[in-house]
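Here are some notes to read alongside the structure shown below. Each point takes up one part of it in turn, and it may help to keep the view open while reading.

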Amino acid sequence: MALRVLFFAGIREKLGTARCELPFSDETGDVLGLVGRLAREIDPLCEDLLLAENTICAVNREVVSREHSLRDEDEVAFFPPVTGG
Amino acid sequence: MVPCDDEILITKADFSIEDEYRRLLDDDHSLGACVLFTGLVRDLPEAGSLQSLELEHYPGMTEASIAEIVAKARARWNIARVRVIHRIGKLAPGDQIVLVAVAGAHRGEAFAACEYVMDYLKTRAPLWKKETADGRARWVDSRESDEMAAARWET
């Protein structure tokens, strides 16, 4: 019963961690709710970093909006605009 | 995400254009065109200042996202074979960084599909570049021109 949360590139560096796990609870709700929990339980920096306009959120490897509802066992990733190629 | 039997490879290793070309064509005489695009690590405007380029990716999502782009290219053009290789890890100026190879019956569709895959790979696939120049490392910013290159396929 957990949410896996991943951070990449500049976000990973600023938070000083690549991943964390949070126990799932129905009260988490959507991505916005998860960011609130991360800011309280992991690092207050999460609020600004993860809700920045250009930060992308993917759930189970699909890009989603901040209002996307989370389910138990979801893999949630936050990353900056991509620059491959 | 769509499963796809096109070969997509994310790897630290370098690739050989000649080997990839032969493998893609596989002696199939129905193919009349093969387009290969190679992206290279380019030095910065102040020549000689880029020391290294480091590529990070999101394992699993990178492959799935490129597979989805290739599937969309296949739905749009009549192409037979596709091969995409993207390197990760530490690279130096002049190194090969990405290969998009498309083979099909005719050149027009192969050219278009190759450019389409490359444009969307640059703006959708979760890969990030960090460059080190003059002893300082910084994450490369995304470019609006790349976003516009991808957007032109939507009209």
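1. A word on confidence comes first: pLDDT is the predictor's confidence in each residue, on a scale from 0 to 100. This is a predicted model, and the average pLDDT of chain B is 93, with 95% of the residues scoring at least 70. For the model, the scores are ipTM 0.95 and pTM 0.93.

2. The sheet of chain A is an open one, in which five strands follow the order β2-β1-β5-β3-β4 with mixed pairing. The edges are taken by β2 (19-23) and β4 (62-64) of chain A, and because each has a single partner strand, one side of each is left without a neighbour in the sheet. From one strand to the next, the twist averages 30 degrees.

3. Within that sheet, strand β1 (residues 2-7) of chain A runs parallel to β5(A), and four bridges join the two. One place to look is A:V5, which stands opposite A:V76 in β5(A). As a general reminder, the strands of a sheet pair through backbone hydrogen bonds, and the pairing is either parallel or antiparallel.

4. Chain B has an open sheet of four strands, again with mixed pairing, and the order here is β1-β4-β6-β2. At its edges stand β1 (7-11) and β2 (33-40) of chain B; each has a single partner strand, so one side of each is left without a neighbour in the sheet. The twist in this sheet averages 5 degrees from one strand to the next.

5. The pairing of β1(B) with strand β4 (residues 81-87) of chain B is parallel and extends over five bridges, and the bridge partner that B:I10 finds in β4(B) is B:H86. Helix α2 (residues 61-76) of chain B packs on the sheet, where it touches β1 and β4 of chain B, and its direction makes about 150 degrees with that of β1(B). Helix α1 (residues 17-25) of chain B lies across β2, β4 and β6 (96-104) of chain B, and runs at about 150 degrees to β2(B).

6. Which residues touch the most other members of the largest nonpolar core? They are B:V84, B:V100, B:V102 and B:V117, in a core that has 59 residues. Helix α3 (residues 107-124) of chain B gives the most to this core, with eight residues. Taking B:V102 as an example, and leaving aside its neighbours within four places in sequence, one finds it in contact with B:V35, B:I79, B:V82, B:A110, B:A113 and B:C114.

7. Where the two chains meet, the contact takes 13 residues from chain A and 23 residues from chain B. On the side of chain A that touches chain B, the elements giving two or more residues are α1 (9-15) and β5 (75-79) of chain A. Sorted by class, that side of chain A has eight nonpolar, four polar and one charged residues.

8. Finally, consider B:W139, which has its place in strand β8 (residues 136-139) of chain B. Is B:W139 buried or partly exposed? A residue counts as buried if 20 or more other C-beta atoms lie within 10 Å of its own, and B:W139, with 18 C-beta neighbours inside 10 Å, therefore counts as partly exposed. Leaving aside its neighbours within four places in sequence, B:W139 is in contact with A:A9 and A:G10 of chain A, as well as with B:W128 and B:K130. The C-alpha atoms of B:W139 and B:L55 are separated by 9.8 Å, although the two residues are 84 residues apart along the chain.

Notes. Residues numbered from 1 in each chain as written. Chains lettered and ligands numbered in written order. Predicted model: local features only at pLDDT ≥ 70, side-chain atom pairs only at ≥ 80, totals over all residues. Contact = placed C-beta atoms within 7 Å. Nonpolar A, V, L, I, M, F, W, Y, C, P; charged D, E, K, R; others polar. Pairing = 2+ DSSP bridges. Axes fitted to C-alpha atoms, helices over the stretch in contact; angles between N-to-C directions. Core = buried A, V, L, I, M, F, W, Y, C linked by C-beta atoms within 7 Å. Buried ≥ 20, exposed ≤ 12 C-beta atoms within 10 Å, placed from the backbone.
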